[in-house]
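Visitor: I am new to this structure. Could you walk me through how to read it?

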Amino acid sequence: MLVMSDMAIIDVMKTGSTLVSPAVPDRGARKSSIAYTGLFQRRSKRIEVPVKAFFVAVAGHRILIDTGWSSECATRPREHLGFSLWFASEPVMAVGESVDHQLRQLDIEPKDLSAVLMTHLDCDHASGLHLVKDAPAIYVAREELDDKNIKSVRYNEDFWKDIDFTFYNMEQDNNAPFWKSCDLFGDGTVMVYFTPSHSAGSVAIEVNDGGRFALFTGDNAYNRHSWEDIALPGPIYNKDNMRTALEWVQKESRKEGCAGVYAAHDPEIKPGLYEF
Ligand SMILES: [Zn+2]
């Protein structure tokens, strides 16, 4: 098993990548407001962005943030995702890149995790859920599973048909960007912030250790350009909230204690082990 140090450890796991319209990370890249769906665009114009999940060990807790692509995206992507999701975000993946496989390289089985934390349930974050269903708890925001959110074409409920989710216990927090946060273990090490921006139940996660912290944005931000320049992505649930979320990420990124901003699709953060 992974040797636990006094430092917080982050393993950045790249579970393949996805071919998307340039308007997915930055809606300013195309004129049309639906450009991010890839409709009416040549597929040769797509860009490849990494799809990441993050293992974090802090103060004896072991968490997995998102699950990335399922291993089935390496073998039968169209059948696994369904045509429309496959069309909008075509996976590129090799066998062996899925989270269960990468956790095993750290000598960790899903049941050894403290919890899996979902930032939201888009396919590139949730299609691997079945691979870690033996984790003791799998968290999601209550709002993400609201019928009016989850019944849209954006989601595929098959990904969590065998999953018994636990909801984040959100409480009033005047310092949170949307006034709600969850102190997951009650010791301040893992703070989950409600951010209804990219989807109705999106969250961002801060991992704190010894006065320093790492911020996991989910799809609140795609890359440095998103938060440095407040560049709105293509898929958005609420535009004003998206802007608020990006301004909050920018503010956090500039704090002295910030050890890194980890966005799920940021090519700048390379796979591998980090400590802070
Ligand atoms: Zn995503």
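**A guided reading**

Guide: Start with a helix against a sheet. This is a predicted model. Helix H8, residues 239–253, lies across strands E12 and E13. Its direction makes an angle of about 145° with E13.

Visitor: Which strands make up the sheet that holds E12 and E13, and in what order?

Guide: Read a sheet from strand to neighbouring strand. Here 6 strands form an open sheet in the order E8-E9-E10-E11-E12-E13, and the pairing is mixed. Its edges are E8 (171–172) and E13 (258–263), each paired on one side only.

Visitor: How many bridges join E12 to E13?

Guide: There are 5 bridges between E12 (residues 212–218) and E13, and the two strands run parallel. Take Phe 216: its bridge partner in E13 is Tyr 262.

Visitor: Which residues does Phe 54 touch?

Guide: Leave aside residues up to four places away in sequence. Phe 54 then touches Ile 10, Asp 11, Val 12, Met 13, Ile 65, Phe 216 and Tyr 262. So the bridge partners Phe 216 and Tyr 262 both appear among the contacts of Phe 54.

Visitor: Which residues have the most contacts inside the largest nonpolar core?

Guide: They are Phe 54, Val 56 and Val 192, in a core of 69 residues. Strand E2 (residues 47–58) gives the largest share of this core, 7 residues.

Visitor: Now single residues. What is the phi of Asp 66?

Guide: Look at the sign, then at the residue type. Asp 66 has a positive phi of about 65°, yet it is not a glycine. Asp 66 sits in the loop between strand E3 (61–65) and helix H1 (72–75).

Visitor: Is Asp 66 buried or exposed?

Guide: Count the C-beta neighbours; 20 or more within 10 Å means buried. Asp 66 has 28 inside 10 Å, so it counts as buried.

Visitor: Where is Ile 230 found?

Guide: Ile 230 is in the loop between helix H7 (224–228) and H8. Its phi is also positive, near 45°, and it is not a glycine. With 16 C-beta neighbours inside 10 Å, Ile 230 counts as partly exposed.

Visitor: Step back to the whole chain. How many helices and strands does it have?

Guide: The protein chain has 8 helices and 14 strands. Of its 276 residues, 47% count as buried. The C-alpha trace spans about 50 × 40 × 35 Å along its principal axes.

Visitor: What does the radius of gyration say?

Guide: Compare it with the value for a compact globule. For 276 residues that would be near 19 Å; this chain has 17 Å, which agrees.

Notes: Residues numbered from 1 in each chain as written. Predicted model: local features only at pLDDT ≥ 70, side-chain atom pairs only at ≥ 80, totals over all residues. Pairing = 2+ DSSP bridges. Helix = DSSP H or I, 4+ residues; strand = E, 2+ residues; numbered from the N terminus. Contact = placed C-beta atoms within 7 Å. Axes fitted to C-alpha atoms, helices over the stretch in contact; angles between N-to-C directions. Rg over C-alpha atoms; globule rule 2.2 N^0.38 Å. Buried ≥ 20, exposed ≤ 12 C-beta atoms within 10 Å, placed from the backbone. Core = buried A, V, L, I, M, F, W, Y, C linked by C-beta atoms within 7 Å.
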